[in-house]
Amino acid sequence: MASAAAALPRTPPVALPAPLRRASRLFPLLAVIALLATPPLGGEGSVTAADAASGLLVVWALVRVLRSGARPLTRTAAVVMGLPVAGICVAAMGAADPGTAVAGLGRYLQIFVLVPLAVVLLLRDRDDFRLAAAAVVALALVEGGVGVHQYLTATGASYMGEDIRAVGTFGAVDIMGMSTVVSCGLLCSVGLALDPAPEAGRGRRRAALCCAALLLVPLALSFSRGAWIATAVAACALLLLSGVRRALAVTAAAAALTVVVVGGTGAGTQLLQERLDSITQVADAPDQSVTDRYTMWAAAGLMWRQTPLTGVGLKGFPAHRDANSSLALSSASDTAGAGAAFKRQPLLSPHNMYLLVLSEQGLLGLVTLVGGWAALLTAGLRGLRLARERGRGVDCALVANGLLIWQLVDFCYGDIGGPSTLVTALVLGLAAWFAIGGREAVRP
């Protein structure tokens with residue numbers, strides 16, 4: 001019996017197709033992207049499923065590094081990725097409330113160090129990068145679809161007395177969540193559509209271009225001025241980096257599409273026009289949100305002048321806000337709609353990441369954190385030049401640089417906070433992989 005069983009041929013294991021093998025290997029990263037659309041596990045302000053998945057992502061990447069036994073990062077990458085730790089830790093030690101400082105320390109390390117580093121370690125080649133970018137586009141399409149439905153059915157967040165603001169599954173509290181995801185998905189689509197490589201194929205480029213066109217609608221219906229400005233700047237930068245002639249042609253096509261979709265259908269034309277006009281009225285007749293933002297910017301500057309080197313301490317802005325603000329500050333904003341009751345949401349940050357870091361972490365934190373972002377942008381632009389010379393990975397270069405430019409511009413009008421904050425970590429991780437971590441980023 002034993003000899004007969006040994007004589008039977010063994011069935012070879014069934015090999016999974018390459019896309020499925022790639023997706024299974026990147027499952028922790030794809031899970032984080034997919035779970036971004038889920039609400040907090042224990043109610044408002046608690047940990048989300050995406051936060052839990054990001055912890056598993058970090059552990060997964062660490063196990064892979066230990067099992068491989070190879071040097072995971074170059075010296076430059078290790079310095080750039082680890083540089084923010086110094087300023088964050090010093091600011092945590094200088095905080096007045098130890099409990100709040102520890103929570104802030106964990107959050108800052110998660111967003112600016114651990115999750116981006118895990119993304120860098122998990123991605124192997126350009127196809128991995130493209131799959132992650134496609135996952136961001138898919139999430140943006142889902143969130144954008146929910147947002148458009150909210151606008152059409154008046155079930156969104158409250159805006160100008162009507163529940164029409166598109167916020168997706170993030171709700172009225174994280175009102176910037178959907179616009180952030182949609183903006184990143186739009187830029188990923190634009191970068192993939194501008195790929196000049198013959199192997200990209202017309203079908204893939206057309207599909208990416210269609211996704212970008214579709215995402216313009218929910219972005220407009222988000223009524224988010226900061227997201228509009230950051231997306232416009234990043235998209236224009238991508239078009240110019242891909243070629244001046246192409247930039248002019250795509251800009252003309254996008255303008256025509258915008259006129260047809262918005263002007264032709266009459267969808268929210270008056271409200272959109274008023275929102276656009278408000279961007280230029282920040283000095284003459286600013287609304288209360290603009291007044292609050294400028295007041296908090298001034299308060300952040302006063303905090304920094306008191307302790308210029310190390311700041312007031314991590315998560316210390318709310319405690320020092322009132323003492324450094326004028327009477328023009330309303331201290332809270334009104335939120336309602338999208339399934340939530342009316343609520344006064346306290347203003348706990350200056351809505352400017354650079355001023356938030358400067359006020360809480362001082363010059364030390366600003367140099368270490370923003371200096372790392374500047375290094376990523378410099379290396380990313382250099383990588384784009386190499387990719388164009390070698391004819392490989394131009395789409396990855398455009399996506400990485402476009403996302404980073406968007407984030408750096410958006411930080412002028414916003415900061416971290418809410419369930420969508422993990423998008424920032426993913427953006428930094430993708431940009432870092434191409435700029436300093438991906439050995440296959442531009443290699444032919």
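Which residues of helix 10 are buried? In the predicted model, the buried residues of helix 10 are Arg225, Gly226, Ala227, Trp228, Ala230, Thr231, Ala234, Ala235, Ala237, Leu238, Leu239 and Ser242. Helix 10 covers residues 225-242, and its 18 residues should span 26 Å at 1.5 Å a residue; the C-alpha atoms at its ends are 26 Å apart, in agreement with that expectation. The residue that follows helix 10 is glycine 243, with a positive phi near 135°.

The chain as a whole contains 17 helices and 4 strands. Of its 444 residues, 49% are buried. When contacts between residues at least 6 apart in sequence are considered, 75% of them join residues at least 24 apart.

Two further helices were examined for length and burial. Helix 8, residues 177-193, consists of 17 residues and reaches 24 Å from its first C-alpha to its last, close to the 24 Å expected at 1.5 Å a residue. Since 17 of the 17 residues of helix 8 are buried, this helix is largely enclosed by the rest of the structure. For helix 13, the 19 residues should span 27 Å at 1.5 Å a residue, and the end C-alpha atoms are indeed 27 Å apart. The buried residues of helix 13 are Val290, Asp292, Thr295, Met296, Ala299, Ala300, Gly301 and Met303. Charged Asp292 is thus listed as buried in helix 13.

Helix packing was examined for two pairs. Two packed helices are described by the angle between their axes and the distance between the axes. In the first pair, helix 3 (residues 27-35) and helix 4 (residues 49-68) have axes that come within 8 Å and cross at roughly 165°. Because angles over 145 degrees count as roughly antiparallel, helix 3 and helix 4 are roughly antiparallel to each other. Their crossing is left-handed. On the side of helix 3, the residues in contact are Pro28, Leu29, Val32 and Leu35; these meet Ala49, Ala50, Ala53, Ser54, Leu57 and Trp60 in helix 4. By class, this contact between helix 3 and helix 4 has 9 nonpolar residues, 1 polar residue and no charged residues.

In the second pair, helix 7 and helix 16 (residues 394-410) pack at an angle of about 50°, with their axes 10 Å apart. Helix 7 and helix 16 are therefore oblique to each other. The crossing of helix 7 and helix 16 is left-handed. Here Arg126, Phe129, Arg130 and Ala133 in helix 7 meet Asp395, Cys396, Val399 and Ala400 in helix 16. The contact of helix 7 with helix 16 comprises 5 nonpolar, no polar and 3 charged residues.

Helix 7 also holds valine 137. With a relative accessibility of 8%, valine 137 counts as buried, the cut-off being under 20%. Apart from neighbours within four places in sequence, valine 137 is in contact with Gly185, Cys188, Ser189 and Cys211. Valine 137 and alanine 212 are 75 residues apart in sequence, and their C-alpha atoms are 8.8 Å apart in space.

A second buried position was examined in helix 15 (residues 353-390), where glutamine 361 lies. Glutamine 361 counts as buried because its relative accessibility is 1%. Leaving aside neighbours within four places in sequence, the contacts of glutamine 361 are Gly87, Ile88, Ala91, Tyr108, Leu309, Thr310, Gly311, Leu314 and Leu356.

Backbone conformation was considered next. Most residues other than glycine have a negative phi. Alanine 154, which is not a glycine, has a positive phi near 55°. Alanine 154 lies in the loop between helix 7 (126-153) and strand 1 (157-159). With a relative accessible area of 44%, alanine 154 is partly exposed. Lysine 315 likewise has a positive phi, of about 60°, although it is not a glycine. The position of lysine 315 is in the loop between helix 13 (288-306) and helix 14 (317-321). Lysine 315 is partly exposed, its relative accessible area being 38%.

Terms used. Residues are numbered from 1 along each chain as its sequence is written. This is a predicted model: local features need pLDDT of at least 70, side-chain atom pairs count only at pLDDT 80 or more; totals for chains, interfaces and linings use all residues. Side-chain values use heavy atoms; hydrogens and water are left out. Axes are lines fitted to C-alpha atoms, for helices over the stretch in contact, and angles run from 0 to 180 degrees between N-to-C directions. Helices (H or I, at least four residues) and strands (E, at least two) are DSSP runs, numbered from the N terminus. Angles under 35 degrees count as roughly parallel, over 145 as roughly antiparallel, 65 to 115 as roughly perpendicular and the rest as oblique. A crossing is left-handed if the near helix is turned anticlockwise from the far one by less than a right angle, and right-handed if clockwise. Contact means heavy atoms within 4.5 Å. The expected span of a helix is 1.5 Å times one less than its number of residues. Buried means under 20% relative accessible area, exposed over 50%, partly exposed in between (1.4 Å probe, protein chains only).
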